[in-house]
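Subject: Structure for your files

Hello,

Here is the structure I promised to pass on. My notes on it follow below.

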Amino acid sequence: SSATTPIRATLFPGDGIGPEIAESVKQVFQAAEVPIEWEEHYVGDQIDPRTQSFLTWESLESVRRNGVGLKGPMATPIGKGHRSLNLTLRKELNLYANVRPCYSLPGYKTRYDNVNLITIRENTEGEYSGLEHQVVRGVVESLKIITRQASLRVAEYAFHYAKTHGRERVSAIHKANIMQKTDGLFLKCCREVAEKYPEITYEEVVIDNCCMMLVKNPALFDVLVMPNLYGDIISDLCAGLIGGLGLTPSCNIGEGGIALAEAVHGSAPDIAGKNMANPTALLLSSVSMLRHLKLHDKADRIQDAILNTIAEGKFRTADLGGTSTTTDFTKAICDHL
Ligand code: NAD
């Protein structure tokens, strides 16, 4: 009965440290006997006219077909005539929610040891709609778009996430006192969805107050849902609460249930190719991919092995104050498995 058919998932190793940390994921999955078969796709060096970017049509088709994938960091190429890789993925796969779990890692000391929250960011509109123009010389305008459809969709995702992950509270983060129409509509949609989830406590918190509360006592929050720009800022603030970029995973959720997990960090050109990168963020992203596939035992085992390795403190990469290489740290995780 253990001879299950492998599940196919797309893997973009990405640029810079991407291939090194993707290798770490492959090794850990092998050690944990995860029934996944990777379909690897690389970022090309030529524009594919079908996507107008360095990502091939086949690579996007692979994610659509598999419904799940893991993405390493992609460097934004300098130059014109093509779309940013991350923007292409977001638009083509309609990745409407970015989910970032953020919890204190046991044994790795930061200012806080009680962080356990999830930020859910609307990923398709708001101030990031790309609608900016000059009205007259010296006056420019940027359009903030909030739609009922996108707001309901992300709110629904947040409440469903809370319910299925044993969370008790959803906080909608906003500035509706000033942005009455846009954030007002976002809140209205959150309220509508909240009514369908009476078991989840719903609250609304103004963004400035939210920042103050987060740095004072992050334990005040559980699941946070918010429009695009606020999500961009708040999720980085939250990453800072637990120890930085080498540690923080995320997952993009798209139309039709697509899940494309990725680390929050970039390609780290300063340490690329030096066997120094911390693979934890990508590994924890791969864990969220496994949870999406309901492979909870594998996810738990891998997560425990990562956390135990870090907590033990014998093998840590340089960003966490240690001297281990990426490969030593990976081997230590595999040994814990
Ligand atoms: P970065 O995240 O790559 O690096 C910032 C700093 O954090 C560097 O000092 C780096 O060494 C360190 N760092 C990052 N990840 C680490 C890890 N896993 N282990 C140890 N140290 C780590 O940010 P940047 O330098 O601003 O961006 C570099 C490139 O990455 C740019 O081309 C940018 O466009 C791209 N980028 C891509 C994504 C993405 O694909 N989602 C996100 C951010 C940046």
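The chain has ten helices and twelve strands (DSSP runs numbered from the N terminus: helices are H or I with at least four residues, strands are E with at least two). Residues are numbered from 1 along each chain as its sequence is written. This is a predicted model, in which local features need pLDDT of at least 70 and side-chain atom pairs count only at pLDDT 80 or more, while totals for chains, interfaces and linings use all residues.

Confidence: mean pLDDT (the predictor's confidence in each residue, from 0 to 100) is 93 for the chain, with 97% of its residues at 70 or more. The scores are ipTM 0.98 and pTM 0.91.

Overall form: the C-alpha trace spans about 55 × 45 × 45 Å along its principal axes. Of the 337 residues, 45% count as buried (20 or more other C-beta atoms within 10 Å of the residue's own, C-beta atoms being placed from the backbone).

Strands: β8 (residues 169-174) pairs with β9 (residues 201-206) in the parallel sense over six bridges (pairing takes at least two bridges found by DSSP). H174 stands opposite V206 in β9. Between the two strands the chain passes through helix α5 (residues 182-195), and this β-α-β crossover is right-handed (clockwise from the first strand over the helix to the second, with the strands pointing away from the viewer).

Ligand: 20 residues lie around the ligand, and A75, T76, H265, G266 and N278 come nearest (a residue counts as near if its C-beta atom, placed from the backbone, lies within 6 Å).

Regards

Definitions and conventions. A residue is buried if 20 or more other C-beta atoms lie within 10 Å of its own, exposed if 12 or fewer, and partly exposed in between; C-beta atoms are placed from the backbone.
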